[in-house]
Amino acid sequence: MDLRGPAFESWDRRSLLVHLVRAGLAEAVFFSSMGSTVPPTEILYKKAVVLAPGYFGHTDSVHSLVHLRLLASGIQELEEDLGETKSAPVGFFCLTVAPFAPNEPAPEILELLRRIDALLAAGGDVLLFRRPELYHMTALVNRHTKAPVRFVAGLSLVIRAFEDVYGNLEGRRLEALARLFAQNVRIYVYPMTATDLRERLNGTSITGWEWSEMNGWVSASR
């Protein structure tokens, strides 16, 4: 569906885009910090891509700066992996219209737009997905590029990804991970303070994880 025609001039385009995803009429839509409206196919085509999924509930300038630094560090890491012979990667913040955690209601459209607007105002571009699972994001991106794809995420989101039930898949968690890493995909996992990690996991069904702190920080290791 072309959202650039005059028939949509009287619509709130941002709300319309969110409605399209929520209604299942689009797998994902793109919000540009430059104000342009183009399909995801145009910004993903043959590009190396860095995806930064998250909830992004904190919309103040301090947190927005942290978010931007996280995405920028992922892009820089991928640039180093690719070398100077390849074109520069593109990076996007990723949100979803689905509940971020089990047993939570789906976010309201105005709440989604509030979070999206904060990221756009800080200079970030946003992809809004219909489904929250990382392997669905991988599948969509890989339709349009064979170049490397990287996720950049804090430790709590990676823990959640490994703890999801994936009851819709026959192979459950193993199948989800196989789909996620099917084609040149890696995850850059960034450390969190132990306080933030406990806060992010509090109230979820995730249990049994233990970690050791170093100067109040928790990191992932292979």
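Good morning, everyone; the protein I would like to walk you through contains 8 helices and 8 strands, and I should say at the outset that what we are looking at is a predicted model. Of the 222 residues in the protein, 43% are buried, while the accessible surface comes to about 12500 Å², with carbon and sulfur atoms contributing 53% of that area. If we take the contacts that have a separation of 6 or more, we find that 74% of them are between residues 24 or more positions apart.

Let me turn now to the interior. Which residues have the most contacts inside the largest nonpolar core? That core has 29 residues, and the ones with the most contacts inside it are Val18, Phe31, Val126 and Leu128. At least two residues of this core come from each of the helices α1 (13-22), α3 (61-82) and α4 (109-121), and likewise from each of the strands β1 (28-31), β2 (49-53), β3 (90-96) and β4 (126-129). The largest share, 6 residues, is supplied by α4. Apart from this core lies another one, of 26 residues, and among them are Cys94, Phe129, Met137 and Phe151.

I would like to stay for a moment with helix α1, in which Ser15, Leu16, Leu17, Val18, Leu20 and Val21 are buried. What covers these buried residues of α1? The cover includes β1, α4 and β4, and we can follow this through individual side chains. Leaving aside residues up to four places away in sequence, Val18 touches Phe31, Val97, Ile109, Leu112, Leu113 and Leu128.

Ser15, which also lies in helix α1, deserves a careful look. Is Ser15 buried or exposed? Its relative accessible area is 17%, and because the cut-off for buried is under 20%, Ser15 counts as buried. With residues up to four places away in sequence again left out, Ser15 touches Ile109 and Leu113. After α1 comes Gly24, which has a positive phi, near 80 degrees.

Finally, let us look at strand β1, which is covered on both of its faces: Ala28 and Phe30 are buried on one side, and Val29 and Phe31 are buried on the other. How do β1 and β4 run, parallel or antiparallel? They run antiparallel, and 4 bridges join them. Within this pair of strands, Val29 stands opposite Leu128 in β4, and you may remember Leu128 as one of the residues that Val18 touches.

Technical notes
Residues are numbered from 1 along each chain as its sequence is written. This is a predicted model: local features need pLDDT of at least 70, side-chain atom pairs count only at pLDDT 80 or more; totals for chains, interfaces and linings use all residues. Side-chain values use heavy atoms; hydrogens and water are left out. A nonpolar core is a set of buried Ala, Val, Leu, Ile, Met, Phe, Trp, Tyr and Cys residues joined through side-chain atoms within 4.5 Å. Buried means under 20% relative accessible area, exposed over 50%, partly exposed in between (1.4 Å probe, protein chains only). Contact means heavy atoms within 4.5 Å. Two strands pair if DSSP finds at least two bridges between them. Accessible areas come from the Shrake-Rupley method with a 1.4 Å probe; for residues, only the protein chains shown count as cover.
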